[in-house]
Structure formats: structure tokens, C-alpha cells
Amino acid sequence: MSTDRINTPDLKTPSEPFEVTTMTAEQIKDELTRQYPSKVKRKRDKQILLNEKIEEADGTLTLPVINANTRTSPGIITQRGCSYAGCKGVIMGPTRDIVNITHGPIGCGFYSWLTRRNQTKPPTDEHDNFMPYSFSTDMHDENIIFGGEKKLKAAIQEAYDLFHPKAIAVFATCPVGLIGDDVHQVCREMKRELSDCNVFAFSCEGYKGVSQSAGHHIANNGVFQHMVGNQKTEPEGKFKINLLGEYNIGGDAFVLEDMFERCGITLLSTFSGNSTVEQFEQSHWAQLNCVMCHRSINYVADMIEKKYGAPWIKVNFIGAKATAKSLRKIAEFFDDAELTARVEKVIEEEYPAVRKAQEEILPRTEGKRAMLFVGGSRAHSYQELFAEIGMKTIAAGYEFAHRDDYEGRKVLPDIKIDADSRNIEELSVEKDEEHFREPQTNADIEELKKGDFFQNYQGMMADMGEKAMIIDDVSHHEAEKLIEMCQPDIFCAGIKEKYAVQKLGVPCKQLHSYDYGGPYAGFQGAIQFYQDIDRMVNSKVKDMIKAPWE
Amino acid sequence: MSTDRINTPDLKTPSEPFEVTTMTAEQIKDELTRQYPSKVKRKRDKQILLNEKIEEADGTLTLPVINANTRTSPGIITQRGCSYAGCKGVIMGPTRDIVNITHGPIGCGFYSWLTRRNQTKPPTDEHDNFMPYSFSTDMHDENIIFGGEKKLKAAIQEAYDLFHPKAIAVFATCPVGLIGDDVHQVCREMKRELSDCNVFAFSCEGYKGVSQSAGHHIANNGVFQHMVGNQKTEPEGKFKINLLGEYNIGGDAFVLEDMFERCGITLLSTFSGNSTVEQFEQSHWAQLNCVMCHRSINYVADMIEKKYGAPWIKVNFIGAKATAKSLRKIAEFFDDAELTARVEKVIEEEYPAVRKAQEEILPRTEGKRAMLFVGGSRAHSYQELFAEIGMKTIAAGYEFAHRDDYEGRKVLPDIKIDADSRNIEELSVEKDEEHFREPQTNADIEELKKGDFFQNYQGMMADMGEKAMIIDDVSHHEAEKLIEMCQPDIFCAGIKEKYAVQKLGVPCKQLHSYDYGGPYAGFQGAIQFYQDIDRMVNSKVKDMIKAPWE
Amino acid sequence: MALLRHTTDDVIERQALTVNPAKTCQPIGAMYAALGIHRCLPHSHGSQGCCSYHRSTLSRHYKEPAMAATSSFTEGSSVFGGQANLLQAINTIFSVYDPDVIAVHTTCLSETIGDDIPQIAETANNKGLIPEGKKIIHANTPSYVGAHTTGFANMTKAMVDYFATSTTEEKVEGQINLIPGWVEPADMREMKRIVKMMGLEGITFPDTSDVLDAPLRAEYKMYPDGGTTVEQLAATGDSSGTIALGPVCSGPAAEALKAKCQVPEDTLPLPIGLRATDIFVQHLRKYNGGEVPEAITAERGRLVDMVSDMSQYFYGKTVALWGDPDQLVSLTQFLVDLDMRPKYIITGTPGKVFLRRIAEVLGEEDVKKVVVKQGPQADMFYMHQLIKREKVDLLIGNTYGKYISRDEDIPLIRHGFPIIDRVGHQYFPTCGYRGAIRLCEKILDAFLDRQDRDSPEESFELTM
Amino acid sequence: MALLRHTTDDVIERQALTVNPAKTCQPIGAMYAALGIHRCLPHSHGSQGCCSYHRSTLSRHYKEPAMAATSSFTEGSSVFGGQANLLQAINTIFSVYDPDVIAVHTTCLSETIGDDIPQIAETANNKGLIPEGKKIIHANTPSYVGAHTTGFANMTKAMVDYFATSTTEEKVEGQINLIPGWVEPADMREMKRIVKMMGLEGITFPDTSDVLDAPLRAEYKMYPDGGTTVEQLAATGDSSGTIALGPVCSGPAAEALKAKCQVPEDTLPLPIGLRATDIFVQHLRKYNGGEVPEAITAERGRLVDMVSDMSQYFYGKTVALWGDPDQLVSLTQFLVDLDMRPKYIITGTPGKVFLRRIAEVLGEEDVKKVVVKQGPQADMFYMHQLIKREKVDLLIGNTYGKYISRDEDIPLIRHGFPIIDRVGHQYFPTCGYRGAIRLCEKILDAFLDRQDRDSPEESFELTM
């Protein structure tokens, strides 16, 4: 370890208990569910917790159990989307050189067209980029009645004739499953027929699972089956990693790519920000997998490890401190003096600007209170960023996460899969005898394995303050009540919530789309985030809301 | 003469008498002045004529006498501007490398800032171009009380320090004359002081003369005195001409410059479209002066002829036929076979497109009726363009012309200068013994002189139809009545009239600014004009004016 | 570089693939229409994703909350049908969100399954899940039929089917129904203003003004002040007449009302532009004794004045436009009246009537010079290909046109749905005479900005 | 290349030369104000050129006729005085153009000569040149004092001096005077609408709405339907109060009215932007019992909503603005409220009060970071030099800013006078809450258009 490593102090890591002016946390919790029909209330009561952490004698934490990843009660106004959205929109969307054909009526293809801000930067004009396009079979009633396979086949052919892409992916929408179109069979046939184009399908009908999380799983299975491992020769690079669960919203991936390059780390692939088919195909050559969004992709890391041998670590590049920590962790894995030195140099170059920004902004943001209800990892990781400018997260929850995202991977063995998720395929993966390699590192791998170096994700709750409110799959009703009762300084959610929140006079930061800002990853992204939050929580608009005669 | 010269036929030269649906021309004339107080009516009756042409036995025409260039009755809403406008705005405005300082309160400098569309094209970035600037001494009350000479001096110095121009011109506004600032003395002093900058002034106070015409005269005198002749060595060029009275509205001069170049004619200077100090300074080297706007500049041609010897001809580049005729006239002057051939070649190249445009547009414009009230030459020259697409001019008049512009130069000896114009200086010019040259031409100059080749301008009335209405200095009242009674298809005037005319449902073409269109000169300009008029007289907006319930 | 680097001018005939659609699916139209009922919660009977997508898209367009519930189908529901989900939803919605009306629309999923909404609502009623005075209405909006416009039309018609009542023989004099069609809240407000100026009592439905352009007042109203009330919807049956604006979106409701309550109807073009607004005003005269107030005639005159003053900048300019049929027909008429030249006119909404209507507007001769196309392959990819073949001066359409705009360096006027990258459309109408002035302003700004940008320095114009 | 190639960042102190002025002279303001009296013909007592220039400039700005007569001074008049000219003019004007009022303003020429207008009018009256019931009013507007704004203020004050009459001890309850200042016809219309919504009877003067935004109706009305009537002007003396918008343009008339007829007055900032409109509405409450109708509060809320939704695009953006003091003060306030940063604020209109007012709006700290300048050398050349030194994100000012806009590639929002290269300002207000929404829209369009143009392809945004 270099001794002159730059210090990345906590400017402020607030852990005060959840506090509101007149009500106790318990009262607030009760108020949220008071109006529900009793059956719904019972369910919600298991999904709304106060973060009461019990520290055991051995130093481990016992956390309350949350009933995550269960279906949303019908009639509830939820943040959640569907399996198709998770599969096509989230995971497959950011890859630029695949023609993604939505097989179904026009809507699904239309709504997932360019709305997620996955940025991509083809190296030259000649490289494919289909991301600004929406492809659909635009199924009509006759296709529903007589079946859509023929149309799908023709559409694949037309896409091929027009664009000659490397790969074509097909996404099944709700009615497709029902009418029995065999999209996989069609794709296999077309792959054979076209010969120089990889064609594969996803059974990601919207009704699968309980949220977009099901779609992530389906998509990742497909990526693993149809692309990972296809590249048979080892790519260049001394320290080769994959970055998993980074989708390049607002250019986050560009910041990270640049950072890795400066560190001398070869990023073989990102799943799936600024990604290409080629990246996926060579990803099994990485020595280490770094998982950003644990929720959406941890199973890919598991599958790669099982099949090809590379271990994985949880990283977090949201927050300056977390970024430094994650870089150092990667260096620790490779245990190479030069790499470590370069990592420290990058941190040293970047951190002063971060600290300067923190110091400038902190007096204006310190003590302000945030709520985060979004995603499967952002509601957690962004708490770090808020903490870096002295802001407290008083309530948080995920939109589509599972228990482990709240309570940590230690609860994985206890998670019961219910009927709604049972049909999401779990791939059975075997060791690839030809390509499997033991971890490629100088470090004492066995030593590392003993600690919590690999596969360690503690979940959101461990990091949150005592009695902070934890709400899974928050409903509009609850969010509204919560804001009215607690008057946070900022609320983080998505587009569906944004304007309702703002009607209450509270700024709402979209953490799906970054409000069309960003990047927020890495050091530069952190600075950008501080500035954006400063702007939002200190905007003059607050003072203008009430008319002078009101 | 080349025998294969291209024919430029009249497509239609309408000469039908002025006609309206229900009233005679005489009745209309009466109606125009009915409401005036008797004194005003008496005056206007001498300025509103029916074009009753009497052809004498010898073929000469006798035309009614018009009382032009007399002061507008106070209280009349007139088109006219002032001497300053004519001097600074019209004549001096288009020269790009003079810093024109308005000496007076801010208004005059402000209103004459960029509003005339004199285009200019410096050959490189390094060349001066002050046309987009407005310079003023912005006189305040203390300058009026204590005199403005000191401020003017300081302003000249500041302009020099900022811009180091070749020349600075000063324009006196109304109060300057009254308070007795000696702008000429100030300029002489500053010229001496600055040594490498020509500084001169114009006593063009707004109250001088009866219209902007006085300002033209003052300006031209100044140009002649302060710049013409300064260049002592003869410029290159076999056929050297000046173009006088072309101000490059909408890029007209660019069209003509290109045309002359293709003909092999060297344009030494244009007074003053796209012009420079250098052009004026070398202009006395021209062999021939070609006068476009007879009104604004004929005295410059006279002065040059007297001092330097080059004769002048009237030309007209408004209208395709007129353009061809004028080019041929220039060729006739030089009487050089090669030049004549090149002129014919240019006509041959340009004319087919003109004819095509005429033929395409004529069916939509033929028989439509125009009125033109503008300028000192445009109300005449544009009648040709209208005729080329079959349109009749049923009424016309100038804003600031003199009798000769209506009746032709033959009336010059009869024109009496009244009190309002008497103080406009007539320069007394003498032959420059050193630079005077007899006409430089192959042609038999004496033969040409016998005919009407030189200095021949017949005026507007000779070209107009019998009983067409001729109105000098038309008032708003008369224009409105005229339109109501005659319902022309198009009315040509300026910005002050435009929207009042259009309120009556008649399109108004601005012939000062070309409605921010153009160019209209030369062959290409003619085509542009046909198209613009076609658009205007056939616009769908006419059909929309009346609401269906009206 | 190019954003749409794979779009070439090589047009190949497609039968199956839609690329960059010029439409979306029915349910979002039903949701938007339902938001135009006061105290109504739209309900999407299908998978969660549909509802999420529609709400997101509406919120992006209006920069407003777009509240709607969903039956949250899972794999189980898609096997066993969605009755249980809908019943539970109804119970929860009335308990928690307390709307006056739940407006259920179906999705491709529930339609393929064949869920019978009226029967489920009946069951809910029998189970006592519907509180006294509350209502459930529905529209069938299979995504695989028609387009978003169809869904709007169906839900609007449902308002008639469920609420309109004829209570007397005599119709109420001076009371008319106004069906504004799929336009902005500001347009609905503007139409209502015109009806009011004409001295008429108008019942406008749906009416999203004051719903999707709600003020920020530091309080959140789940049901903002706007929207047509249930009482007003009932009263439509007693009106003297119905004016339906836009045959695609408003026609079916007007016809239903005529059939159900014998209210005479006129289905008119959307009042975009001068002539279409003239037609609108002319038809209002049928009900107010023929009077047109001076203020309306003056607004019209101001529009004509502006067109007259600036006509040189409109003349001959070519336009590619895409969007919904009702808008496109009136827009095309207006462009023609401005002496402009529509060149490519594209709608994803299927229906051959569109071709006939455009032909009527353009005239027999001019329609031949124009590419007009409707249906699945009438998409923005095709339009872009046409533009690659022969450029136009202006694009008029939704936000997705910005990619073409930048690639081809053609100015884009945002009109239609969705507009998710600019604001203003919510607040300033493009309907009516004043709306036409705004359209003119936007067109002129586009052209004049280009002139200022592109003119050589010597012909840079001060006055325009 | 550059249009203004001689403008460098080398600022030298000037004392005498004005380059590219940010103002013009008094008479045009008087002419514009006079056009706001119904059936009034402005008359320029001076050389023909003044009148011609003013009419041309007004016509270019409004794209409307701007009728005015002139005394057509010649050299003789400038020696012997203009009495004969004015007497003849009065006779001719009443004979031919038949106005109710002739509003005479002077020029630098007649002021230097020292013509006494009231005395000449008296003579005209004695000679029987003024028909029964007709009026001549006047304002002294020497071009070498103040600026165009001063002329507007003077003629507005003349309306009070000549017409206002106090007929009773008791003022008329609910009747107020509204002096809108130099704003667009659309702004006057908008202010009147707000006054009316507040339940008040407003007498607005001058009022150019329906005068300089007249419809095209195939008839020409020398005196369009709008304008304040002589009767209304007389009645101002009986109003309960006067609200004068903008101290420079409206203050003097309000004070004159207070002195002459004891009408209490409040001189407020021009209601541009949220806070200034709040102040306007607050003062209207003094006269209507304090009630603010929900519709106004809702309009306000829609403005706040838009600002809230889009605040990220406003934040921190720097602006150079120039024009008239009353506009600049309110605009600056609004920009500050939008979290924007005015950086250079320039007016040619002389008066040190301006500096104090701007300082109040910006606050002690922030005003130090801003260049604020007034007077002769506070010109657009100077502002451009500042911009050369340190760029801004946005220009707000009149059409002449387009040269700087193109040279420096900075978007320009046209506001103020004159705007001669775009239309729309005549029709759509920027005053009031709705006007502020329009301003926001324009600012956003400017920034978002730039973002769309300049963003790298990979960060080209669909949603904004």
C-alpha cells in the first residue's frame, strides 16, 4: 500500500434518527397505511419499516425483515414498471449495435424509445448505433388472431436488409406469450437463415414477475447465453475487468471509462452502458467483475464466476469517497505496485476539486433532509453523495429491489421465491472447462476470500440512520403523505412522481434520468451532483410559491 | 453592331388609358383634393395631373406642367423626409469606410442606423466596414446652450482613437445650424490635427430644402469637393465607367458589378452602392458616367463632365429590357467590337431565363394594375418591370423629385428655384486643366452628341399611359382615396404607407427597402422581381380577409 | 456525424417492420381523455408497465403529474383473467384515492384474455365495492387496433355511453356540447373561451384544462379543479347540439350522443388555422342566432393582418409534417392558406379516410405533388428517407423530430404529441385565431432565425 | 468574419461619442403615447424628417400604420419660427383628417427656436381653426433632453394636464386609473384584463391596444377602435386612485394627476415577472376590498409551476440586457428570481435613479458583480465590448442586438423597442403572470435550442 494515499474524509455522515417536527416515526408510519383496505394494509405493513438496527455482541447487525419483491396490490398507484421495461429498456437498451425489435403492438416500442438516456459514443461514423431508433412489429388484430410469427420473421428480414446489423434481438410483449408465438424458434430460424447476424429473443412479457426486476433477469440470462463467451481469443490488457450494472445514464460510463484508462485498468465490457456486442462477447476474459447495481445484475457476476472463474466484488462509483474506495479495492485485488500507484495518483488528481466543491457547497446544504425512492441500487448509493454535502436521508426505499438489497446478501438463503417470480428462469451454469481460469491476481486470493472482500453487499439498511424510514415499492399515496408530514428538502424519485412532489413545493430529483443532467458517477460526477442539489434545495422558487395575498 | 444580338421584345407594354370601374379620371382627381382647405387644394391641384400627352407635329411630346419639388403643406401626412435623411442616409450611408458622425441629439443618428439596407461587401476581414455602426455626438441641453463644437471635436478624436478610419464625415442636424456650430471649421481643424484622416462635414440640417432631395445635393457636393479627384494616378482598365445613383439596396450593385465584370467593363466607382473612399477618389478617371437615379445625382455627372471631361449617359438597370438597352448603350459609347461582343454574350446568357420567367408568370399577372409612389426615379423605372409581366401602372408619382424627373430634362431651363431650395449650394466647377480629358472613345463623339445619346432623360410622364394619374408628393389622404376608388392590385411605396395600404386589402411593395428582398437590378434582379410580384398579387391572403359571416 | 446514421435515401418497401413510429397505442389516449373528467382516476387494466409508460409519457409532455392506477397483472392474472385484480383495485382505489369516477381502459393483454369489464364492474357493485354515487366507466382499448387517437375517441365515447341522459323532449337552448378532441389544455381553454364569447353555454368534454396545466400552490390536489363533472356529462344529453372537433378523436362520441339522446351533431375539423376556425365559429352561429361578437372578428382580423404583413416569409416554403390525422388535416389547410407547401404528410394512425381528407384540403392537382401516407409503415423513418431524397424547409411534429431536425439541419416546430423537450404548449393554444397567430409566430421565428444564421454578412438584415 | 468588426475588448473612456445608442429621442415617445388616445393625430412640430423617422420606426416595430402630421419646417420657419406652419397644419389636419385631438410635440428644432405651442394653439383657437369639441394638446419634447422614454412620459402627463378634471369631492369607488407606461399593445390589453378580473373599472391611458395591433378588415381606419377617449381622460380626475407602472414613463402623469385632482397614486415597477406582477395585484387590492380571484392566483401558480419545473435550465445563466429603465428594473428582478445572473445592464436613458433601483433589485452584494450603466456612453458598443471581455449566455434587448448575437453566437431574446425583425411582441404580452410564462418560454427556447445544437451527439437529449 502506498503511504501517501490521499485521505477521503467523511465531511459529514449523518446518522441522527429520523426526525420530524410534531410526530414520531411510528405515528408517521401508521398514518401512511391508515386508509388502505385491511388486506392491503397488512401487506404494506411488512414493506414499511423503521430502521431499527440491533447490534449483536459479535458486532453484526440484525435488521428488520422487509417484504420486498412482492407484487404490488392492484389499484395502488405504484412507481413500478414491467418486465419488458426492465429487459428491453434497462438492460438491452444501452447496447448500440443491436437492432432491438419489439414484438407486439406499437406502444411498448414507442414508450421505450430513447426515454432512458443511456448515452453511447461510437468511436467513428462507421460504427453502428441503433439506439436512436425504435423497431417494432406493430402487431395488429389480425396478428393477434392468426399469430404474429410470420410478421416477426418478415420484420427481422426487413431489419436485416435495411441495416445488416451484427445482432438482432426480439422482445416479446404481453399478448405474444398469450397467443403462443414462439419467438425463440423464430429467432433461431432467422439466425440460421441470415448466417452473419446473431438473432435471439427474450420472453419478457410485461406480466412476468412483479416489476422490471424480472426483466433484468431475463435480459441478463439472454446476454449470458447468446453473447458472453463468443470471443475466443484473449483481449489485450494487464488488468482486465468488467463493470456490471452501469447503464451510462447521463454519461456516467464515460467518466468511469476515462478513470479506468488513467489508472491503467482495461475495461473489457460494461453491462451495459456504452456497450457493444463485441464487449459482451469478450467479457469472460476479465480477471475481475465489478458490480455497480447489485440488484439488476448480481446473477451475471455469479454465472461468470461459475463458468469462467473470475470473482466479483461490489463496487460503488456514486460518491467521491465510494469511488476512491472502489478504485482502491480493485487495486487491492490485483495487488500490483504500479497499478496501486496509478490509482492513488488519479485519486490525488481528482480529490482536491471534490473537496473544494464540498466545502463551498456544504454551508448551504448541511442539515437538509432527503428522501430517496428509486431503483434497485440508487436509493442506497446516492445517500453517500448526499452525506458528502451534509445532507441526511430520512426515508428511502427501492422500486424493484429484493430483500438482499435492503438487508444485505447474508439474507439470500432466506429469501423465498413466490409465485409471481417463480417462472423467471434461473440458468443452470456449468464450468467451462476450456475457458475457466482461476483468479488471475498477485494477491493472496484465499486470504481475500476469508474476509468480506468478494461478493459482499451489506444492503441499504445497514448504512441508514436509526429509525430512518424504509419503504419498499412506495405508493403515490404514501409518498404524498410522507412529504406532507416530513417536509423534506428534496425527494428523489422518477418522472411519474416528480411533478406531484413538486406541487407540494418540494424539489424532486429524478434519479432514473438525472433530470436530463449528469454525469454523477466518479469524482467529476460527484461535483456535478453537489452543484445540482445545491441549486435545487436553495432555489429561489420556494420563496415565490405563496402569493402575497395567500 | 453584332447582327446576332438577342431580341428583347416587349411582352406587353400597356398604354391603355387610366381606367376605373365607375368614375372618370377627372372625377377621381377631384375627389382627392375635395377636403383640403382651399389654399392647400390650389397647391395640390398643380401637383396632381392626368397624363394628357399632346404629340406635336414634329413628333415631340408636350406634357402637362407639374409643380414638383415644392414644400409640403404643413399638416399634410407626407411620405417625405428631410435633408439629413437624404444626405446621411441615402448618399453617404452606403460607403463602408467612412465613420459618419451625426452631430446632434441622438434621434437622427439612431433612426438612420442600418435602416436603408445598403449592402456592402468588404473584400477581406481586414477592410473597414462602419456601416453597421451608428455614431453620434448625442447632444444634450448644455451643448445646445453653450455650443457643441467642443463635443464634436472630442467625438471626432474618440472615433479616430477607436477606429483609425480613412475618413470621418460629420452631419449637422437641425439645432446645429441654429446654435451656430461651425462644423466645417471643426472638421478642417481635426483634419489638420489627425493628418492621416480625411475629415469633412455636411450642413444638412433637416429644415434645408423641401425634402431629402436637398440632402442628396448637399452630400454629392461634399463627395465631389472632398474626395473626387484625390487619386492622382490612373487606374487600370480599358473601359472605365462610374455608376451614379445606385445605392445597392438589397444587393443590386452586386448584380451590376458582376455583370460589368463579365462584359469587360471596369467599374471605377459606384455613387454610392458598395462604395469606398478609394472609389470616389479615383472616379474622375472614368471615361463615361452612367446615371441610374437621375434625381439624386445628375449634378455630380455634370460637375465631373465640366471638371474632368467624361460625358454622361442615362442608364436604367431596372427591367431586363432596360438593362440590355443600357449595356448596349455603354458599348455604343466605347464602340469596341470585342466589348460589344461580350455585352451581347452576357445578354444572350441572361435573357433566356428572363423570358422563361416572364412567360411562366405573365398569365398570372397580366392586366393587373399597379400604383407607384416612391423616390426620385424608382416610381418610373419600376414601371418597366411591371410592364414586363403585363401589368399596367395606372398612377404614379415621386416623393422628392423635380420637374425634370416628370417631364424630362428639356424643362430644366424653365425650372424656377423657390425660396425653400435657394440656399442649397450650387458648386461652381471649373475645368481641371491637369486632369481634364476629352471623351475617350472610338465612337464619333460629335455624332453622338447630335442625337439624344448623352444627358438624355425624358422623365416619367412620357412613358406613362394616357390619362394615367401623376401625383407629386402624394399625401396619405390621397393615397387612401385613390386605393379605395381604383382598387389597384399592388401599390408601391415605403414603410410609412405599407401597412395602411395593406389594411385596405391591397398588397404594398416597398420600393425603398424592397421589403427586405431583392436584388431587383439587372437580369437576375428582374426575375426576382417578377416572382415577388407574382407572389404578392396572387397571395391567398386576399381570399381570407372577409370573415364568412361578414 | 449523424444521430440517425442508418437512415439513407434508399427506400425499401416494408410490410412488417415499423421504424420510429408516428403513433402510439390506444390506452394512453384513453388515459388522457379520462383525466379530462373531474375527480376521475384512470385505471389501466393490464400489466403495470403499460400504466407506467403512459403516465411517464403524459408527465413528460405536460410536466404535470398524470395519476392512474393499474390492475398490476402478473403471470397468474394472465392465465386466470384479471377479474380478481380489478375487483381488488376498485376496492383499494375507492378507499385510498376516493375518485368520483374510475375510468377503466383495457390493454392488449386484458383484451387478448378477453376480460369483460362491465361484468366485472357489475360484480364489484354487487360486492358493495362501489360507494354510493361513485361510478366505474370503461372503454375497450386494445393496443393492437387503431392508435392512441382511437383510445382517446373510445374513452370520450364512453363518457357518452355511461353518462349522457336526455331528460326532456325539448333541448336546452343555448347549451351545446363541445368535444375538443386530443388537443392541449390551453386549446380546450381557448375553445371554451370562444364558445363563451359567442354567448353559448358549452359543456366541454373531456376537458383537461386546469387538470394538466395545474398551478403550483404548495398543495397537491390529486384531482385538480378542472375536468368535466359527472353532472355536466349527464347534461350533454339535453344540449341543443354537439360540435365535435376532429372526426377521428371526437366523431364517435358525437355520433353516440346523437344516437342515444338525439342531440344533433356537427363533426368539424380541429380549429387550427384560419379556415378551420372560421368553420368552428360558423357552426357556433347555428346556436346563438348568428351573431359573431366584434372581439372575435377582430382576433380573426389580427391573424389576417399578420399573415398579410409577413406573407413573403411563408411563401413557397416546404414542410414535412407528421402526427395525428385531425391535427394534420387542419395544419395542412393552414399551411396551404399561408402559401406554404406541405410535402410529406405522415400519420401512423391507420385509416384511409385520412387520405381523402388531405386530398380535399390540398386539391386534386396539388395532392399529386405530396406524399401522404397512413398506417404502420407510415413512420418517421420513412419520412426521414423522403427528406433525404428531397429536403424540406420545415418540420412540424412531435419531439422525436428533433433527431431529423439536427441531422438534416431543418428547423422543427414542435406540435402534437408528445412534446417532451420544450414547454409552452401546455399554456399557449394553437387552436383558434389566437392560436393561429402563435403558429405563425413560430413558423416565422424558425425561418427568420435561419435567415439570420445563414445569410451572408453583406445581406444580414436589420428589418424583416 | 464579423458584422461589427471594429468592436474590440479594448474599452476606452469616452466623453463625447456615442456608438450604437441604447436609446433614441423624445419625440417618438410622445408620438407613441399620443397614438394611445382615441381619434388623436400626433403632430410633430419640426422638420419633416423627424416625423418620417418616427413613423417609420413605429411602423417597423408594430407592422402597422403610424399616422402623424408634421409642421414641415423649412429654412424659413427655422428663422421666423414655426407659428405659421402650425396654424396651417391645424387647419389642414382638422379639414382633412378630422381627429378629435391633435397632440403636438416639439422637436429639437422648434425647441431651440423657442416656439410656444400653447400660445400658437390659442391663436389657432382665436382664428377659429379649431372646430367645436376638438382639442389641441401638447408636450415639450426637446430631443436633447432625456430620451424617448421622457417623451412618452411628457405626452402622458400632457393628457392629465389637458384633460383630467375633478368633478366631485368624492372619488368614484372601484374606478382607478392605470398608466401602463411604454409597453406593447398586448401588454396594455393584459393589464386591463387583470384590472377587470380584479373587479375594477380601469381607465387606462395611454392605451395603444386595438390601435397598433389593429385587425386587417379590408377597410382602413385612420383612427382604429382603440385608444383612451377624451371623456375617459377627463374622468381620470374622479378616480379613486392611480396606478402608474414604471416611474420613468408613468410617474410624472400620476404625480400631475395627484397634484391637479388629488387622486392618490402608486408608482410601481412595470409588472414584468412574478414579483412585479405581485406588486401590481397587491396594489389593485387596495381598491377592490382585497379580493384576488382564483383565476389570477391560478395564473400565478402556473407561472411558478413552470419556473419550478424548468429551474435547472435557468440557473446561473448570465445575461446582458439593455433598453429602457422601467423594463430593465423589472426584467432584472425576474431574472434574479429565476436564479439567473444579469451581468451587464445598460440604458441610454439618462438618470442616476436607475442605478439605485437596479441596486435595490440585485442587492448590495450582487450589484458589485454587475456592470450597470446609464447615459450617453451607456451604449451598445460599450456593452458589446464588455461581452468581448467576458461572454454571457443570453442577450435581452431590441433588434439591434442581433449583430452582437451573431458575432458572438449568443442567443437574443427580443424585448423592448424597437423590435423590427420579428413579429409576436404586438400580440403576446410579456407583462403579468401570463406574460412571464411567455418570457420563460422564450428564455427556455433559447437555451434548449442551443443545447440541441451544441451538445455532442452522445448527449443529445430527447427529454428536457
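A salt bridge here is a side-chain nitrogen of Lys or Arg within 4 Å of a carboxyl oxygen of Asp or Glu. By that yardstick, the count between domain 1 of chain C and domain 3 of chain C is zero. The model is a predicted one, with local features needing pLDDT of at least 70 and side-chain atom pairs counting only at pLDDT 80 or more, while totals for chains, interfaces and linings use all residues. Residues are numbered from 1 along each chain as its sequence is written, chains are lettered from A and ligands numbered from 1 in the order in which they are written, and side-chain values use heavy atoms, with hydrogens and water left out.

The two parts come from an assignment that splits chain C into domain 1 (26-163), domain 2 (172-295) and domain 3 (309-454); such bounds are automatic or taken from a database. Between domain 1 of chain C and domain 3 of chain C, about 950 Å² is buried, 65% of it from carbon and sulfur atoms. Buried area means the accessible area (1.4 Å probe) that two parts lose on being put together, summed over both. On the domain 1 side, C:H61, C:K63 and C:H148 supply 50% of the area buried against domain 3 of chain C, more than any other three residues.

Polar contacts do turn up: seven residue pairs, both at pLDDT 80 or more, link domain 1 of chain C with domain 3 of chain C. Such a contact is a pair of N or O atoms within 3.5 Å; within protein, one must be able to donate a hydrogen and the other to accept it, and residues adjacent in sequence count only if both atoms are side-chain atoms.
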